[in-house]
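Hi,

Here is the structure I said I would pass on. Have a look at it first, and my notes on what turned up are underneath.

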Amino acid sequence: VASGCQPGAQHTPLLQELNALAQQQLERRALTIEAVRDLPAAATRQAEVRRRVLTLIGGLPDYHGALNAKVTRTARRDGFSIDHVRFESLPGYYVTANLYRPDLPGKHPAILMSMGHWESGKAAGQLLSTHLARKGFVVLAYDPVGQGERQQAYDARVGRSLLGGATEQHFTNGPAAILMGQSVARYFIHDGMRAIDYLVSRPEVDPERIGATGCSGGGTQTTYIAALDERIKVAAVACYMNSFRTLFSGSIGDSEQSVPGFLSAGLDQTDYVELFAPKPWLIASTMEDFFTPAGARQVFEEAQRWYTLHDAANRVKWVVGPGGHGTPLEVREAI
């Protein structure tokens with residue numbers, strides 16, 4: 001899960017000053033959004049937001065070579081099978097994944113399932129992936145770097161990464177990317193796009209019906225990938241979406257969740273949803289999450305106005321489930 005501020009940190013003079021600056025930047029952005037009142041203005045804003053996001057992360061890797069994909073084994077289950085997969089996102093840079101495929105003939109809609117910061121990586125998506133496969137979806141649940149089978153600085157002598165868990169490995173990679181004028185988010189996004197490349201290469205997949213979902217850090221990745229890859233036709237983001245008007249002085253995110261210069265570039269999380277418009281987008285929250293319903297409401301209300309410009313207000317929805325961080329039954333059903 002995303003790291004939280006230390007108790008009382010929101011009251012430090014430094015954070016108060018930074019938050020005041022952030023709120024000024026967000027208020028200027030709000031005035032810009034308020035001025036967008038028709039589709040031509042919305043299209044202009046979308047193009048500018050896409051340019052700014054790509055600039056901030058240092059662009060995307062331009063490598064689109066062979067995936068060199070391999071299925072290492074297949075597990076048979078009741079009504080579906082699970083292929084254990086690996087492929088290359090970049091040369092020699094492997095992504096490990098589980099492909100859930102229904103035992104039905106023909107082509108099926110597919111779902112890219114990005115994982116949150118669970119140490120087990122793709123295994124954390126088993127329940128939702130299983131349900132979706134039994135409903136006729138092909139689901140690719142893949143390990144983010146530093147999780148599951150993708151440990152960084154792994155030492156066989158101790159049987160684990162020398163850097164610690166998933167969160168620590170992400171924070172270690174983050175500053176290295178910044179020193180190169182990048183955000184480590186570019187590599188997370190590229191992995192997801194290459195995972196879509198793998199999905200469309202499978203004979204069971206209808207390439208015109210691809211959706212994306214994820215919770216927590218997986219919600220972050222789903223947000224980025226859906227906004228930037230036009231092949232995604234529907235997005236369902238759980239326990240992530242919040243306006244920085246609420247989020248900035250509360251919980252903080254891992255390096256891939258915190259793009260340097262994002263607020264000063266006139267951006268907020270809702271910009272990703274507005275890039276996706278008018279395709280269907282679900283925001284899912286839980287009552288006791290540190291990604292609060294109050295912050296999610298701010299995203300939803302602005303996005304709904306944006307979708308109304310497209311005469312598609314019913315294509316952006318928000319659901320709130322019970323409990324803490326995660327995907328309870330009500331959220332899974334909404335997804």
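Let's start with Arg 52, which comes out as partly exposed, at 23% relative accessible area. Before I go further, please keep in mind that this is a predicted model. Arg 52 makes a salt bridge with Glu 48, with 2.9 Å from N to O. Glu 48 is partly exposed as well, at 25%. Both residues belong to helix α2 (residues 39-57), and they are four residues apart, or about one turn of the helix.

**Salt bridges**

How many salt bridges does a search of the whole structure find? The count is 20. One that I would look at on screen joins Asp 271 to Arg 29, where the closest N and O atoms are 2.8 Å apart. Asp 271 is in helix α8 (residues 270-276) and Arg 29 in helix α1 (residues 13-34), so this pair links distant parts of the chain, 242 residues apart. Are the two partners buried or exposed? Asp 271 is buried, with 3% relative accessibility, and Arg 29 is buried too, with 4%.

That pair is also part of a network of salt bridges, which links Arg 29, Arg 45, Asp 271, Glu 274 and Glu 302.

For a contrast in setting, try Arg 37 and Glu 34. Their salt bridge has its closest N and O atoms 2.9 Å apart. Here Arg 37 is exposed, at 58% relative accessibility, while Glu 34 is partly exposed, at 40%.

**Aromatic rings**

There are nine aromatic pairs in the structure. One of them is Phe 87 with Tyr 198, a stacked pair whose centres are 5.7 Å apart and whose planes differ by 10 degrees. Phe 87 comes from strand β2 (residues 80-90) and Tyr 198 from helix α5 (residues 185-201), so the pair ties together parts of the sequence that are 111 residues apart. Both of these residues are buried.

Helix α5 itself deserves a moment. It has 17 residues and runs 25 Å from its first C-alpha to its last, close to the 24 Å expected at 1.5 Å a residue. Of its 17 residues, 14 are buried, so the rest of the structure largely encloses α5.

Elsewhere, Tyr 224, Phe 244, Phe 262 and Tyr 272 make up one aromatic cluster. You will also find charges over rings: the charged end of Arg 150 sits over the ring of Tyr 93, 5.0 Å from its centre, and the charged end of Arg 186 sits over the ring of Tyr 187, at 4.9 Å from the centre.

**Cysteines**

How many disulfides does the search find? Zero, for the whole structure. Why not Cys 215 and Cys 239? Their sulfurs are 4.4 Å apart, which is too far for a bond, given that a disulfide needs the two sulfur atoms within 2.5 Å. Seen from the other side, Cys 239 has Cys 215 as its closest cysteine sulfur. Both are buried, Cys 215 at 9% relative accessibility and Cys 239 at 2%.

If you only have a few minutes, I would pull up the Asp 271 and Arg 29 bridge, then the Phe 87 and Tyr 198 stack, and finish with the Cys 215 and Cys 239 sulfurs.

Cheers

How values were computed: Residues numbered from 1 in each chain as written. Predicted model: local features only at pLDDT ≥ 70, side-chain atom pairs only at ≥ 80, totals over all residues. Heavy atoms only, no water. Salt bridge = Lys/Arg side-chain N within 4 Å of Asp/Glu carboxyl O. Helix = DSSP H or I, 4+ residues; strand = E, 2+ residues; numbered from the N terminus. Buried < 20%, exposed > 50% of the residue type's maximum accessible area, 1.4 Å probe, protein only. Phe/Tyr/Trp six-rings, centres within 6.5 Å; stacked < 30°, edge-to-face > 60°. Lys NZ or Arg CZ within 6 Å of the ring centre and 35° of its normal. Expected span 1.5 Å × (residues − 1).
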